[in-house]
Amino acid sequence: MKELFEGAIKFREEDYLNHQELYENLKKKQDPHTLFISCVDSRVVPSLITNTLPGELFVVTNIGNIVPPYRENPNHIRSGYLATTSAIEYALNILNVKNIIICGHSNCGACSAIYETKETLSATPYVCKWLDLLNPVKERVEALKPNSRAKRIWLTEQINIEQQLENLMTYPFVEEKFDAGELRIFGWYYIIETGEILNYNMIKREFKIIKNTQTKSS
Ligand SMILES: [Zn+2]
């Protein structure tokens, strides 16, 4: 813990002073351009892997970078998965973000946990309940009959991103802005050990590594 207190001092003396004007301008309001939905995993650091500064990303993290499907039923508003849903609502309807990125990652504990038995997960009933949201992902992966554990995990992590993109489109205000060309939506897959990020092509339904040529042309 001592390191964190020392880190707070170091931040004020170094990073803060390097961007003092930026912090002063951020005093009154935020105007992020992108809603970034990623996993709570400590190895995934959104501002680091996107090379962005404070004020640029509106970050929502949860176990497994899940977007709960939208429900209009008032009962669901009382009992639903509100943390993520409310953040998406706020980002779109109040902050008017222009982009959404759903970012999954390699070696994701949530994606492997869905194959554990309920008994194994008994110590974490809340996690277990949350992971029920990944049942459609599990079904899609099992239908492909992967022939090894590594293949199954790789497929699960990537199909999870596809599934969450589809869930995102169930939000009426997301679909409306996307169809009007006011919102861009991306699915990313971050490979921890290589530092590479794959971008999902929604038309070809495949992941391609983000390279220099791609960023220059877009
Ligand atoms: Zn994860």
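Begin by selecting R152 and Y115 in this predicted model: R152 lies over the face of Y115, at 3.9 Å from the ring centre, where a charge is taken to sit over a ring if NZ of Lys or CZ of Arg is within 6 Å of the ring centre and within 35 degrees of the ring normal. Residues are numbered from 1 along each chain as its sequence is written, and side-chain values use heavy atoms, with hydrogens and water left out. As the model is a predicted one, local features need pLDDT of at least 70 and side-chain atom pairs count only at pLDDT 80 or more, whereas totals for chains, interfaces and linings use all residues.

Keep Y115 on display and add T156, which is found in helix α10; helices (H or I, at least four residues) and strands (E, at least two) are DSSP runs, numbered from the N terminus. Not counting residues up to four places away in sequence, T156 touches C111, I114, Y115, V137 and V141, a contact being heavy atoms within 4.5 Å. T156 counts as buried because its relative accessibility is 1%, on a scale where buried means under 20% relative accessible area, exposed over 50% and partly exposed in between (1.4 Å probe, protein chains only).

Next select S112, in helix α7, which covers residues 109-113. With residues up to four places away in sequence again left out, S112 touches R149 and I153. A distance drawn from the C-alpha atom of S112 to that of V97 comes to 32 Å, although the two residues are 15 apart along the chain.

**The zinc site**

Select the zinc ion together with C39, H105 and C108, which coordinate the ion through SG, NE2 and SG respectively at 2.1 to 2.3 Å. Donors are N, O and S atoms within 2.8 Å of the metal (3.2 Å for Na, K and Ca), and since water is not among the atoms, sites may look incomplete. Along the chain, the donors of the zinc ion follow the spacing C-x65-H-x2-C. Of these residues, both H105 and C108 are buried.

**Aromatic pairs**

Now show the aromatic side chains: the structure holds twelve aromatic pairs, in which rings of Phe, Tyr and Trp (its six-membered ring) have centres within 6.5 Å, planes under 30 degrees apart counting as stacked, over 60 as edge-to-face and the rest as tilted. One of them is the edge-to-face pair of F11 and Y16, at 6.5 Å centre to centre and with 65° between the planes. F11 counts as partly exposed because its relative accessibility is 36%, whereas Y16, with a relative accessible area of 15%, is buried.

Move on to Y70 and Y171, whose pair is tilted, at 5.1 Å centre to centre and with 55° between the planes. Which parts of the chain does this pair link? Y70 is in the loop between β2 (57-62) and α5 (74-79), and Y171 is in the loop between α10 (149-168) and α11 (172-179), so that the pair joins distant parts of the chain, 101 residues apart. Y70 is partly exposed at 24% relative accessibility, while Y171 is buried at 0%.

Then select W154, Y189, Y200 and F207, which form one aromatic cluster. Within this cluster, centre the view on Y200, which lies in strand β5 and is buried, with a relative accessible area of 7%. Leaving aside neighbours within four places in sequence, Y200 is in contact with E162, L165, G187, R205, E206 and F207.

**Two loop residues**

From Y200, step to R205, located in the loop between β5 (196-201) and β6 (206-209). Phi of R205 is near 55°, a positive value in a residue other than glycine. Most residues other than glycine have a negative phi. K145, in the loop between α9 (135-143) and α10, likewise has a positive phi, near 45°, and K145 is exposed, with a relative accessible area of 67%.

**The domain boundary**

Finally, colour the protein by domain, as domain 1 (1-29) and domain 2 (31-209), with bounds that come from an automatic or database domain assignment. The C-alpha centres of the two domains lie 29 Å apart, and five residues of domain 1 are in contact with four residues of domain 2. Between them the domains bury about 360 Å², 72% of it on carbon and sulfur atoms, buried area being the accessible area (1.4 Å probe) that two parts lose on being put together, summed over both. To end the tour, select L22, L26 and K29, which supply 70% of the area that domain 1 buries against domain 2, more than any other three residues.
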